[in-house]
Amino acid sequence: MGRVVVVQVLTEAQRRKWDNSDDQLFYAEPRFVQHLDSAFRGRLTALYRERIAPQAVVLDLMSSWVSHLPDEVNYAQVIGHGLNEKELAANRRLDCHWLQNLNQTQEIPLNDSSVDAVLIVAGWQYLQYPEPVAAELLRITRPGGQLIVAFSNRMFFTKAPQVWADGSDRDHLATVAQVLMAQGWPRPELIAEQTRASGWTGLIGGKGDPFFAVIATKPSA
Ligand SMILES: C[S@@+](CC[C@H](N)C(=O)[O-])C[C@H]1O[C@@H](n2cnc3c(N)ncnc32)[C@H](O)[C@@H]1O
């Protein structure tokens with residue numbers, strides 16, 4: 001595996017969180033719920049349909065029982081990672097998966113340049129050490145491949161490090177971009193959109209979960 005250089009961006013204070021107990025305990029019981037509403041999920045699936053080529057090798061990092069990938073598209077492989085075995089085993093999009101607490105170890109057990117698209121949905125906000133994770137993702141992504149980090153404006157507050165818990169939506173976009181660029185990712189594309197609630201509430205102006213995404217592409221060799 002290639003050498004990974006990590007550039008620290010966050011201060012120690014920014015890494016602190018209210019609940020410092022092992023994250024694995026927090027995720028010990030499966031949660032078969034949707035963490036994001038259908039408007040957000042629809043927007044995310046449309047983005048994946050547009051950006052991820054069929055037959056790509058996909059890594060859904062910080063996954064659960066759902067991956068939000070379009071049903072009709074076949075990928076070469078969808079690899080899952082998370083903290084709850086039952087959730088990952090129930091995720092029908094995954095071909096394989098592993099468990100790893102990324103706040104304890106950040107080395108990702110995949111080969112250099114082996115993945116076309118890395119996805120993180122409503123997960124980055126729980127990373128206390130996003131810099132080594134971002135550096136590892138750069139290592140495992142193929143030249144020309146991409147990283148898509150998507151999130152909304154909600155979180156398990158006690159489990160989010162201060163940098164996220166104290167930040168605005170704009171700060172969240174900026175901190176993800178800053179951490180990525182510090183590890184050598186090119187300047188990412190940022191998406192910040194309001195969504196429309198599904199059903200009749202949307203028709204009368206009701207809003208869904210806001211949609212934010214940071215999309216970085218690894219330069220071609
Ligand atoms: C709000 S859920 C989002 C799950 C999924 N991506 C989705 O869209 O439903 C947050 C996920 O982050 C992951 N996670 C949280 N803390 C983690 C940690 N310390 N190490 C690894 N994964 C973690 C778990 O997989 C957890 O299911």
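In this predicted model, the buried residues of helix H5 are covered by elements that include strand E4 (115-121), strand E5 (141-151) and helix H7 (169-182). Helix H5 spans residues 130-140, and 10 of its 11 residues are buried, so the helix is largely enclosed by the rest of the structure. The buried set opens with Pro130 and Pro132 and continues through Val133, Ala134, Ala135, Glu136, Leu137, Leu138, Arg139 and Ile140. Readers following along in the structure will notice that Glu136 and Arg139 belong to this buried group.

The packing of H5 against H7 deserves a closer look. Two packed helices are described by the angle between their axes and the distance between the axes. For H5 and H7, the axes come within 8 Å and cross at roughly 60 degrees. That angle makes H5 oblique to H7. The crossing in which H5 passes H7 is right-handed. On the H5 side, the meeting residues are Pro130, Glu131 and Ala134, and on the H7 side they are Val179, Leu180 and Ala182. Sorted by class, this contact consists of five nonpolar residues, no polar residues and one charged residue.

Attention now turns to the ligand. A shell of 16 residues surrounds the ligand, and the closest are Asp23, Met62, Ser64, Gly82 and Val121. Eight residues of the shell are nonpolar, seven are polar and one is charged.

Two residues stand out for their backbone geometry. Ser113 has a positive phi of about 50 degrees although it is not a glycine, and it sits in the loop between strand E3 (96-99) and E4. With 17 other C-beta atoms within 10 Å, Ser113 is partly exposed. Ala122, likewise not a glycine, has a positive phi of about 50 degrees. Ala122 lies in the loop between E4 and H5. Its 20 C-beta neighbours inside 10 Å place Ala122 in the buried class, for which 20 or more are needed.

A final loop residue to visit is Asp19, located between helix H1 (12-15) and helix H2 (23-26). Asp19 has 13 C-beta neighbours inside 10 Å and therefore counts as partly exposed. Leaving aside residues up to four places away in sequence, Asp19 touches Thr158 and Lys159. Val179, which takes part in the contact between H5 and H7, is 160 residues from Asp19 along the chain, and the C-alpha atoms of the two are separated by 23 Å.

Methods. Residues numbered from 1 in each chain as written. Predicted model: local features only at pLDDT ≥ 70, side-chain atom pairs only at ≥ 80, totals over all residues. Near = placed C-beta within 6 Å. Nonpolar A, V, L, I, M, F, W, Y, C, P; charged D, E, K, R; others polar. Buried ≥ 20, exposed ≤ 12 C-beta atoms within 10 Å, placed from the backbone. Helix = DSSP H or I, 4+ residues; strand = E, 2+ residues; numbered from the N terminus. Contact = placed C-beta atoms within 7 Å. Axes fitted to C-alpha atoms, helices over the stretch in contact; angles between N-to-C directions. Parallel < 35°, antiparallel > 145°, perpendicular 65-115°, else oblique. Left-handed = near helix turned anticlockwise from the far one by under 90°.
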